[in-house]
Amino acid sequence: MTIKIKFTAKIAKEMNTNNNFNEFVIDCINRHLSSDWGDVSERDAELNASDFFHALSCYQFTESRKICIRQDGTSLTVLYHEEV
C-alpha cells in the first residue's frame, strides 16, 4: 500500500528552513504510522484504534508549536494544530 503525504504550505516552509523541525515531522509521521497518536484525547485515540485509515494524531514541537497529522484513507496531511 502506498501512502501519499501532503504538507500545508506553512509546514513545508518551516521544514525547508528548520532542520530540527524537518526531523521532528518525519519522526511524527513514523509515530503516526506506528499507531502512536501523541497528544490526542482518549476519545480520539479510541476512534483512531477503531478506524486506522481515518485517524488524527498531534505532537508538541515546542511549547507554542504543535502539529497534527490527519489520515484519510491512504493520504496523510501534516498541518499545524491551529490549521485543523
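Mentor: Helices are DSSP runs of H or I with at least four residues and strands are DSSP runs of E with at least two, both numbered from the N terminus. This is a predicted model, in which local features need pLDDT of at least 70 and side-chain atom pairs count only at pLDDT 80 or more, while totals for chains, interfaces and linings use all residues. Residues are numbered from 1 along each chain as its sequence is written, and side-chain values use heavy atoms, with hydrogens and water left out.

Trainee: Where does Ile 3 lie?

Mentor: Leaving aside neighbours within four places in sequence, Ile 3 is in contact (heavy atoms within 4.5 Å) with Leu 33, Thr 74 and Leu 76. Its C-alpha atom is 15 Å from that of Cys 28, and the two residues are 25 apart in sequence. As for its place along the chain, Ile 3 lies in the segment before β1.

Trainee: What does Ile 3 count as at 27% relative accessibility?

Mentor: Buried means under 20% relative accessible area and exposed means over 50%, with partly exposed in between, for a 1.4 Å probe and protein chains only. Because its relative accessibility is 27%, Ile 3 counts as partly exposed.

Trainee: How many Å apart are the end C-alpha atoms of α2?

Mentor: The expected span of a helix is 1.5 Å times one less than its number of residues. At 1.5 Å a residue, the 15 residues of α2 should therefore span 21 Å. The distance between the end C-alpha atoms agrees with this, as it is 21 Å.

Trainee: Which residues of α2 are buried, and where do they lie around its axis?

Mentor: The buried residues of α2 are Phe 21, Phe 24, Val 25, Cys 28, Ile 29 and His 32. They cover an arc, taken from the directions from the helix axis to the C-beta atoms, of only 140 degrees, which means that they lie on the same side of α2.

Trainee: Which element supplies the largest share of the largest nonpolar core?

Mentor: A nonpolar core is a set of buried Ala, Val, Leu, Ile, Met, Phe, Trp, Tyr and Cys residues joined through side-chain atoms within 4.5 Å. The largest one has 13 residues, of which Ile 11, Phe 21, Phe 24, Val 25, Ile 67, Ile 69 and Val 78 touch the most other members. At least two residues of this core come from each of α1 (9-17), α2, β3 (65-72) and β4 (75-80). The largest share, five residues, is supplied by α2.

Trainee: Which residue caps the N-terminal end of α2?

Mentor: The cap involves the backbone nitrogen of Asn 20, which has a side-chain oxygen 3.0 Å away. That oxygen belongs to the capping residue, Asn 18.

Trainee: Which residue takes a positive phi just after α2?

Mentor: The residue is in the loop between α2 (19-33) and α3 (42-50), and its phi is about 65 degrees although it is not a glycine. With 40% relative accessibility it counts as partly exposed. This residue is Ser 35.

Trainee: Which cysteine has the sulfur closest to that of Cys 28?

Mentor: The structure holds zero disulfides, a disulfide being a pair of cysteine sulfur atoms within 2.5 Å. Cys 28 is buried at 0% relative accessibility, and Cys 58 is buried too, with a relative accessible area of 5%. The sulfur of Cys 28 is 9.8 Å from the closest cysteine sulfur, which is too far for a bond, and that sulfur is in Cys 58.

Trainee: Which side chain makes a polar contact with the side chain of Glu 14?

Mentor: Glu 14 is found in helix α1 and counts as buried at 14% relative accessibility. A polar contact is a pair of N or O atoms within 3.5 Å; within protein, one must be able to donate a hydrogen and the other to accept it, and residues adjacent in sequence count only if both atoms are side-chain atoms. Not counting residues up to four places away in sequence, Glu 14 touches Phe 21, Phe 61, Arg 65 and Tyr 80. The polar contact, at 2.9 Å, is made with the side chain of Arg 65.

Trainee: Which side chain does a polar contact of 2.7 Å join to that of Ser 57?

Mentor: Ser 57 has its place in strand β2 (residues 56-62) and counts as buried at 0% relative accessibility. Residues that it touches, beyond four places away in sequence, include Asp 36, Trp 37 and Val 40. The polar contact of 2.7 Å joins the side chain of Ser 57 to that of His 32.
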